[in-house]
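Student: I have a model open and I'd like to learn how to read it. Can you take me through some features?

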Amino acid sequence: MSHPGPWIPPQEPRHELELYPQPQPTWGPQPGWLPQPVWGPPPDSDKGKLAAGLLQLLLPLVGVCGVGRLYAGHVGIGLTQLLAGLAGIVLGCCGVSLSMFIVPLVLVLITPGVALWSMIDGVVILAGSDFRDGAGRPMR
C-alpha cells in the first residue's frame, strides 16, 4: 500500500473573516430559483371517490353525517353536517326538558333534513365525474 501523497498540515486562518464566511448579497433572480412551469394534469388524490361517496351516503342512516366530506378533505362542509346532525340528535334526545315545541321541530325537520342533505351529497359525489378533494386534486 502506498501513501496518496505527502502530508500537508492544516493552515491556520489569517484573520477572523476567514473563520466565519459572510453571505454575499444577492440581487435579481438567482439561477434555479425561478418558478418552474407545471405541465400535464394534476396528480390524482390518494383517496377514493367511491369511499367518500359511500361514507356520505350510508352513515346518515345510523345518525352520523358529513364523514365522507371530512374524508375527502372538505372540512367546512363536513364539520357543518357533522355538528348539525349531532346537535339534532342531542336536542332531540334531551329536548324534552327544554320545551315541547323544540322536540318535534328537531326530530321532524332538522335531523332528517341534515341526514337528507348528507345523503344527497353522497349521491352527487358518486355521480359526479369531476369530484375533487380538499386540495383540488381529482379523486380516483
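Student: Let's start with Leu-58: which helix does Leu-58 lie in?

Tutor: Leu-58 lies in helix α2. Keep in mind as we go that this is a predicted model.

Student: And is Leu-58 buried, partly exposed or exposed?

Tutor: You read that from relative accessibility, where anything under 20% is buried and anything over 50% is exposed. Leu-58 comes out at 44%, so it counts as partly exposed.

Student: Which residues form the nonpolar patch on the surface?

Tutor: Leu-58 is one of them, together with Leu-50, Leu-54, Leu-61, Val-62 and Leu-126. Their accessible area adds up to about 570 Å². Helix α2 supplies the largest share of that patch, with three residues.

Student: Staying with α2, what about Lys-49?

Tutor: Lys-49 is in that helix too, which covers residues 49–58. Now for charges: side chains of opposite charge can pair when their charged atoms come close. Lys-49 is buried and yet has no salt bridge. Its nearest side chain of opposite charge is Asp-130, 8.4 Å away, and a salt bridge needs the nitrogen and oxygen within 4 Å.

Student: Which residues is Lys-49 in contact with, leaving aside its neighbours within four places in sequence?

Tutor: The contacts of Lys-49 include Ile-125, Leu-126, Phe-131 and Met-139. Arg-140 is also among them, as are Gly-128 and Ser-129.

Student: How many salt bridges does the structure hold?

Tutor: Four. Take Arg-69 and Asp-121, whose side chains meet at 2.7 Å, N to O. Arg-69 sits in helix α3 (residues 67–72) and Asp-121 in helix α5, so this pair ties together parts that are 52 residues apart in sequence.

Student: Are those two partners buried or exposed?

Tutor: Arg-69 is buried, at 11% relative accessible area. Asp-121 is buried as well, at 9%.

Student: And where does Asp-130 find a partner?

Tutor: Asp-130 forms a salt bridge with Arg-132, and the closest N and O atoms are 3.5 Å apart. Asp-130 has 51% relative accessibility, so it counts as exposed. Arg-132 is partly exposed, at 30%.

Student: What should I look for around Asp-133?

Tutor: Asp-133 and Arg-137 meet through their side chains in a salt bridge of 3.0 Å, N to O. Asp-133 is buried, with a relative accessible area of 6%, while Arg-137 is partly exposed at 29%. It also pays to check for networks: here Asp-46, Asp-133 and Arg-137 are linked in one made of salt bridges.

Student: Back to α5: why does Ser-118 count as buried?

Tutor: Because its relative accessibility is 0%. Ser-118 lies in helix α5, which runs over residues 102–127. For a buried polar side chain, look for a polar partner: the side chains of Ser-118 and Gln-56 are joined by a polar contact of 3.1 Å. Beyond its neighbours within four places in sequence, Ser-118 is in contact with Gln-56, Pro-60, Cys-65, Gly-66 and Gln-81.

Student: One more: where is Gly-88 found?

Tutor: Gly-88 is found in helix α4, residues 75–94. With 3% relative accessibility, Gly-88 counts as buried. For separation, set sequence against space: Gly-88 and Gly-113 are 25 residues apart in sequence, and 9.7 Å apart in space from C-alpha to C-alpha.

Key: Residues numbered from 1 in each chain as written. Predicted model: local features only at pLDDT ≥ 70, side-chain atom pairs only at ≥ 80, totals over all residues. Heavy atoms only, no water. Helix = DSSP H or I, 4+ residues; strand = E, 2+ residues; numbered from the N terminus. Buried < 20%, exposed > 50% of the residue type's maximum accessible area, 1.4 Å probe, protein only. Lys, Arg positive; Asp, Glu negative; His and termini not counted. Contact = heavy atoms within 4.5 Å. Polar contact = N/O pair within 3.5 Å; in protein donor to acceptor, adjacent residues only side chain to side chain. Patch = residues over 30% accessible without salt bridge, like charges linked within 9 Å, V, L, I, M, F, W, Y side chains within 5 Å. Areas by Shrake-Rupley, 256 points an atom, 1.4 Å probe, with all protein chains shown as cover.
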